[in-house]
Amino acid sequence: MNIFRKTFKIIHGNVIDKRMEVSHEDAVSTSAYSSPAKSLGDPGITPLSPSHIVKDSDADDAVEQLFLVVVAIDFGTTSSGYAYSFTKEPECIHVMRRWEGGDPGVSNQKTPTTILLTPERKFHSFGYAARDFYHDLDPTESKHWLYFEKFKMKLHTTGNLTMETDLTAANGKKVKALEIFAYALQFFKEQALKELSDQGGSDFENTEVRWVITVPAIWKQPAKQFMRQAAYKAGMASPENPEQLIIALEPEAASIYCRKLRLHQMIDLSSRAPVNGYSPSDTIGTGFTQAKEHVRRNRQSRTFLVENVIGEIWSELEEGDRYIVVDSGGGTVDMTVHQIRLPEGHLKELYKATGGPYGSLGVDYEFEKLLCKIFGEDFIEQFKIKRPAAWVDLMIAFESRKRAAAPDRTNPLNITLPFSFIDYYKKFRGHSVEHALRKSNVDFVKWSSQGMLRMSPDAMNALFKPTIDQIVQHLSDVFDKPEVTNVKFLFLVGGFAESPLLQQAVQSAFGSRCRVIIPQDVGLTILKGAVLFGLDPAVIKVRRSPLTYGVGVLNRFVEGKHPPEKLLIKDGTRWCTDVFDKFISADQSVALGETVTRSYTPAKPSQLVIVINIYSSEQDNVSFITESGVKKCGTLRLDLTGTDASVPNRREIKTLMQFGDTEIKAMAIDVATSKSVKVGIDFLNY
């Protein structure tokens, strides 16, 4: 285990390094004279999970035995679902019961991420039930109900996410995002516990479940902590029992599942080299039509058997071989590069997770832009506000046609316009929808006498192009990195990976560099991988830090080295302020269980709280916390209440931070008594 260690003493709100005479600022402010006592009124910080200690496998096993079942929730932007596995039967993954409702041409193995609140802001329904109930409301009624969809993206796009961040319902009213996420997670918790109870014949207790929630790998720490807080509010776990909940990164979960793939469970788009002596055409057929058939047949089953050994695809892999997982969902696309470690099949991340908001929502956005071009932006905005349920209907109709888009399609795609769209447009403009289409310069969209928009295949494909181009460009940038040479496989996963247009684009761009593989039932890959991750969280041994993290300290001022404006003279000593004390660098390789250690000594025995600001940057080479791109991102809080203050005057609180897990974690001990100190890293309330 690598340990980097420094010891600091707090004097008048500063922290002095006992060995190197380095002074560490208190985190309440950047002022050299601020007092830690000021932070006593700060909101409480949630203690994070205990550290994973690499060698202490027996203790970890003991924790595992407390849970009878692992339930994973794939909380997606457009659709969500859960799956579970009993710890005594880890080879069987059960996908949730089928959902009532659904749309023609759209699989209902998962349910839409939609939530409906009553006019009194109480939870009413989730998924198809929410959407269908909202759809059936009279327009005069529906404007009082609060309907939310595709709200997960808010956590990615909000730069200053806090517990107070709002979400906007379809009717324009705002509700705290934490409430909406907690309602959604509580819904899944109750559904899963009911299914487990029905299956077992007796009530299943929440304490018997280890929960796993998936998030994009490109999410920053505040969004991950927000999801954890929402889960606590939903009653899945608690700050006192944080290890009951694990945050899983979506492409990692997919990677874990892909290791187990057998030949009949995947579609090889490359169809180039034989696999185990068989050509891909012999084993699973080539082309997108056969791929769809495999997915369709597989949807009939709810229980999936997973090999205890590594799957057949890995028989070609040797120690150190590399592959890339591209998770293309509704909101984001994120990718991770992994290296296989044999014989156990452990995984090592080679390049920090990257991606962006290039999910299938981009196609919906292009469709909305097209409607604005034909009917006018002012009308579309008004229609969404005045007839929110009809707008939802229109996007559902588009969704099913969107899924029918394919490179070789020749016949047009018809999208039904809701009657209220046609009616409202006539009242708004004074002429018909048909007239608007004739007047617009959009040649490839026609009006059908059955009340439909008729789009040519080229018109539909054009809606996909901006989003797919961004994905291909981002992937090209990743392939150009030195760490990403000699990639053997590219696994395309997530709901958007079902699109033949995306499949063809990725295959034509990268098929000559590596084998492009799509797992069967590609929309459930992350869900099944998240269950496997919950059963064995230590499977990913090495990750890369997405950002550089550190704190601000005072160093002895050195003429010629330090800028004059950073000079601070205190008690006759010349200090350089705002020096960045680095914990870990961006893209630095960090092992599971590896710790960065700092020790802090309170100035007075009576001091009850130490709060230290944490800063982050995307740059590796950072000298000062005031540099461009360096942001205050959180606080490290040591709560000394309850520890024995009668011990020596020079109390030392040793703090160990871990950057090798899916969340940044911390623990602390009072060196004199060896007792643990309550500690938290907070990225939301600082």
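In the predicted model, helix α6 is largely enclosed by the rest of the structure, because 12 of its 13 residues are buried. The helix spans residues 221–233. Its buried positions carry side chains of several kinds: Gln 221, Lys 224, Gln 225, Arg 228 and Gln 229 belong to the buried set, as do Pro 222, Ala 223, Phe 226, Met 227, Ala 230, Ala 231 and Tyr 232. From the first C-alpha to the last, α6 reaches 18 Å, close to the 18 Å expected at 1.5 Å a residue. After the helix comes Gly 235, which has a positive phi near 85°.

Burial is also found in strand β8, which comprises residues 114–117 and is covered on both faces. On one side Thr 114 and Leu 116 are buried, and on the other side Ile 115 and Leu 117 are buried. Strand β8 pairs with two strands. With β10 (residues 146–149) the pairing is antiparallel and extends over 4 bridges; within this pair, Thr 114 of β8 stands opposite Glu 149. With β9 (residues 123–126) the strands again run antiparallel, joined by 3 bridges, and Leu 117 of β8 lies opposite Phe 123. Strands β8 and β9 form a hairpin with 5 residues between them. In this hairpin Arg 121 adopts a positive phi near 70°.

A further buried position occurs outside the regular elements. Thr 77 is located in the loop that links β4 (69–75) to β5 (79–86). Its relative accessible area is 7%, under the 20% limit, and Thr 77 is therefore classed as buried. The Thr 77 side chain comes to 3.4 Å from the backbone nitrogen of Gly 331. When neighbours within four places in sequence are set aside, the residues in contact with Thr 77 are Thr 113, Lys 150, Lys 152, Met 153, Gly 330, Gly 331 and Leu 361. Gly 331 thus appears both in this contact set and as the partner of the Thr 77 side chain through its backbone nitrogen.

The cysteines were examined for disulfides and for burial. A search covering the whole structure returned 0 disulfides. Cys 514 has a relative accessibility of 1% and therefore counts as buried. Cys 372, at 16% relative accessibility, also counts as buried, because the limit for this class is under 20%.

Methods. Residues are numbered from 1 along each chain as its sequence is written. This is a predicted model: local features need pLDDT of at least 70, side-chain atom pairs count only at pLDDT 80 or more; totals for chains, interfaces and linings use all residues. Side-chain values use heavy atoms; hydrogens and water are left out. A disulfide is a pair of cysteine sulfur atoms within 2.5 Å. Buried means under 20% relative accessible area, exposed over 50%, partly exposed in between (1.4 Å probe, protein chains only). Two strands pair if DSSP finds at least two bridges between them. The expected span of a helix is 1.5 Å times one less than its number of residues. A polar contact is a pair of N or O atoms within 3.5 Å; within protein, one must be able to donate a hydrogen and the other to accept it, and residues adjacent in sequence count only if both atoms are side-chain atoms. Contact means heavy atoms within 4.5 Å.
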